[in-house]
Amino acid sequence: TVYAQSVNISLEANSVTGSPTQMMSSESSTFAGGSWICYSSTGYFTLSAGDSLKTVYYKVRDAAQNVSATVEGTITLDTTGPSIPSLVTPANASTTNDATPLLTWEASTDSGSGVVSYEITVDTAVATQGAIASYTTGTLADGAHTWNVRAKDATGNWGVPAARLGP
């Protein structure tokens, strides 16, 4: 599956034969609303709004008005980040004598491309890891500490961080 974070995408024409002078692209197989523009091996297209699977149709024509067969491709528009993870342990304002505590949270969900990583912030130190909903800190000095987590999906969208826990 191919994903896009933006409605603005590029279209690359591969294996085009002859000497095309114009091209047309559309989300409609009938090219409704489309118009011929000057040919370029890399064109640009604006997808319709809304996160979902999109089909883009493309064709070219030459100076003699010979039109190619229609080519189509699919892409999933995913502009929404994953859900906010729910921090579980250690509980807010709790104490521990463990200098390397295990932080846990309820996994984020993502209806688009799926969660691929988490960014964990402990005080000002930031770490990134795969889609595992726990993290063991480095050795912490005695005293109060804060932490939070946010998730990233396969398209590169970051979710909102969980509320910061700590004193």
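Is Arg150 buried, partly exposed or exposed, and what is its relative accessible area? In this predicted model, Arg150 comes out as partly exposed, with a relative accessible area of 23%. That value lies between the cut-offs, since buried means under 20% and exposed means over 50%. Arg150 makes a handy way into the structure, and the account below starts from the sheet around this residue before turning to a second one.

Arg150 sits in strand β13, which covers residues 147-153. Strand β13 belongs to an open sheet of three strands, arranged in the order β11-β10-β13 and paired in the antiparallel sense. The edges of this sheet are β11 and β13, each of which has a pairing partner on one side only. On average, neighbouring strands here are turned by 20 degrees against each other, leaving direction aside.

Between those edges runs β10, made up of residues 115-122. Most of this strand is covered: of its eight residues, six are buried. Towards β13, strand β10 pairs through seven bridges, with the two strands antiparallel. One of the matched pairs on that side is Val115 with Asp153, the latter being in β13. Towards β11 (residues 125-129), five bridges do the joining, and the run is again antiparallel. Here Ile120 has Ala127 of β11 as its bridge partner, while Glu119 stands opposite Thr128 in the same strand, β11.

Strands β10 and β11 also make up a hairpin, with two residues between them. In that hairpin, Asp123 takes a positive phi, near 55 degrees.

Glu119 deserves a closer look. This residue is part of strand β10, and with a relative accessibility of 17% it counts as buried, because the limit for that label is under 20%. So the label for Glu119 is buried, whereas Arg150 is partly exposed. What does Glu119 touch, leaving out residues up to four places away in sequence? The list runs to Val126, Ala127, Thr128, Asn148, Val149, Arg150 and Trp158. Among these, Thr128 is the residue that Glu119 stands opposite in β11, and Arg150 is a residue of β13.

The contact with Arg150 involves the side chains of both residues, which make a polar contact at 2.8 Å. The pair also counts as a salt bridge, with the closest N and O atoms 2.8 Å apart. Since Arg150 lies in β13 and Glu119 in β10, this salt bridge ties together parts that are 31 residues apart in sequence. How many salt bridges does the structure hold? The count is one.

A second open sheet is built from three strands as well, in the order β8-β9-β12, and its pairing is antiparallel. Its edge strands are β8, residues 86-89, and β12, residues 134-136, and each of them pairs on one side only. From one strand to the next, the twist averages 25 degrees. In this sheet, strand β9 takes in residues 102-106 and is joined to β12 by three bridges, the two strands running antiparallel. Across that pairing, Thr104 stands opposite Ser134 of β12.

Methods. Residues are numbered from 1 along each chain as its sequence is written. This is a predicted model: local features need pLDDT of at least 70, side-chain atom pairs count only at pLDDT 80 or more; totals for chains, interfaces and linings use all residues. Side-chain values use heavy atoms; hydrogens and water are left out. Two strands pair if DSSP finds at least two bridges between them. Helices (H or I, at least four residues) and strands (E, at least two) are DSSP runs, numbered from the N terminus. Axes are lines fitted to C-alpha atoms, for helices over the stretch in contact, and angles run from 0 to 180 degrees between N-to-C directions. Buried means under 20% relative accessible area, exposed over 50%, partly exposed in between (1.4 Å probe, protein chains only). A polar contact is a pair of N or O atoms within 3.5 Å; within protein, one must be able to donate a hydrogen and the other to accept it, and residues adjacent in sequence count only if both atoms are side-chain atoms. Contact means heavy atoms within 4.5 Å. A salt bridge is a side-chain nitrogen of Lys or Arg within 4 Å of a carboxyl oxygen of Asp or Glu.
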